[in-house]
Amino acid sequence: MNFVLPNATLPTADIPHYSPLGNECALFETAWVRQLPLLLKGPTGCGKTRFVSHMAARLGLPLSTVSCHDDLAAADLTGRYLLKGGDTVWVDGPLTRAVREGGVCYLDEIVEARKDVAVVLHPLTDDRRMLPLERTGEMLEAPSGFMLVVSYNPGYQNLLKSLKPSTRQRFVAIEFDFLPKAQEVAVVSAESGLAEGQVARLVDLAARLRALKGHDLEEGVSTRLLVYCASLIDAGMPAKEAVRAAMIEPLTDEPDVRAALLEVADSLIA
């Protein structure tokens, strides 16, 4: 069966900017054409969500994003019966709406959701491409224009929160990481308006702090935090104050660790 990519409905200027690290854009397009579910894995703030927004806009596809959390249950995705005006009516959840109407459904940080979510996703991520709605008795077949994308951060995995092999092996996967220095400088400068020469020092500091991940820090500085920091500096805030507010304080609550990070920052940021 042949599939044709849709025409993008947004002008280029309205497509969220994304700087490719490899062949991930081509892989996304191929996965969409071949109706394959996609798994994105990588550290917090490295561009996974921006990538999905970019690709959905580039392909002219509707995008439904769900930020998963500890209390997210299958019913939050599929739907539930609600009282409206004295009547009990079925209301579709975001996943069900996407299956009915087509487009990309993006489940961000899927490992944060409750375990019953995987049960719903399994028949949707194999050759059946079906979404069972037990409460209504429906069995929805995903149209050719539907794509499921999920993401997670392997660095946060533990015995209680991990993506089971039986679930991972239902997806085509792309591993993300932070951009090389020159690309990250260009992205942060474009997003914040701060000159690349000033941004370069922030990226150097981020690299030093990222090297501490797994030792004093659970996570390194995200590109998102770099954009926040550069935006504060571009707005007139002194660099050291911006670094503390956007690159140090969000990383740790431990006074000793914070003091050590500030020393590293002071050595690189004038």
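In the predicted model, helix α1 lies across strands β1, β5 (residues 103-108), β8 and β9, and its direction runs at about 135 degrees to that of β8. Helix α2 likewise packs on the sheet, where it touches β1, β2, β5, β8 and β9, and its direction makes about 175 degrees with that of β5.

The sheet against which these helices are placed is open and consists of five strands in the order β2-β5-β8-β1-β9, with parallel pairing. Strands β2 (residues 63-67) and β9 form the edges, each of them pairing on one side only, and the twist from one strand to the next averages 20 degrees. Within this arrangement, strand β1 (residues 38-41) is paired with strand β8 (residues 146-152) in the parallel sense over four bridges, and leucine 38 stands opposite valine 149 of β8.

Aromatic contacts were examined next. The count of aromatic pairs comes to four. In one of them, tyrosine 18 and phenylalanine 51 are in a tilted arrangement, with a distance of 5.1 Å centre to centre and an angle of 50 degrees between the planes. This pair links distant parts of the chain, given that tyrosine 18 belongs to the segment before α1 (residues 24-33) whereas phenylalanine 51 belongs to helix α2 (residues 48-58), the two being 33 residues apart. Both tyrosine 18 and phenylalanine 51 are buried.

Phenylalanine 51 also pairs with phenylalanine 176: the ring centres are 5.2 Å apart and the planes stand at 55 degrees, so this pair, too, is tilted. Because phenylalanine 51 lies in helix α2 and phenylalanine 176 in the loop between β9 (residues 172-175) and α7 (residues 181-192), the pair ties together parts that are 125 residues apart in sequence. The relative accessible area of phenylalanine 51 is 0%, and this residue is therefore buried; phenylalanine 176, at 5% relative accessibility, also counts as buried, because the value falls under the 20% cut-off. Taken together, Tyr18, Phe28, Phe51 and Phe176 form one aromatic cluster.

A further contact involves a charged group and an aromatic ring: the charged end of arginine 210 sits over the ring of phenylalanine 178, at 3.7 Å from the ring centre.

Key:
Residues numbered from 1 in each chain as written. Predicted model: local features only at pLDDT ≥ 70, side-chain atom pairs only at ≥ 80, totals over all residues. Heavy atoms only, no water. Phe/Tyr/Trp six-rings, centres within 6.5 Å; stacked < 30°, edge-to-face > 60°. Buried < 20%, exposed > 50% of the residue type's maximum accessible area, 1.4 Å probe, protein only. Lys NZ or Arg CZ within 6 Å of the ring centre and 35° of its normal. Pairing = 2+ DSSP bridges. Axes fitted to C-alpha atoms, helices over the stretch in contact; angles between N-to-C directions. Contact = heavy atoms within 4.5 Å.
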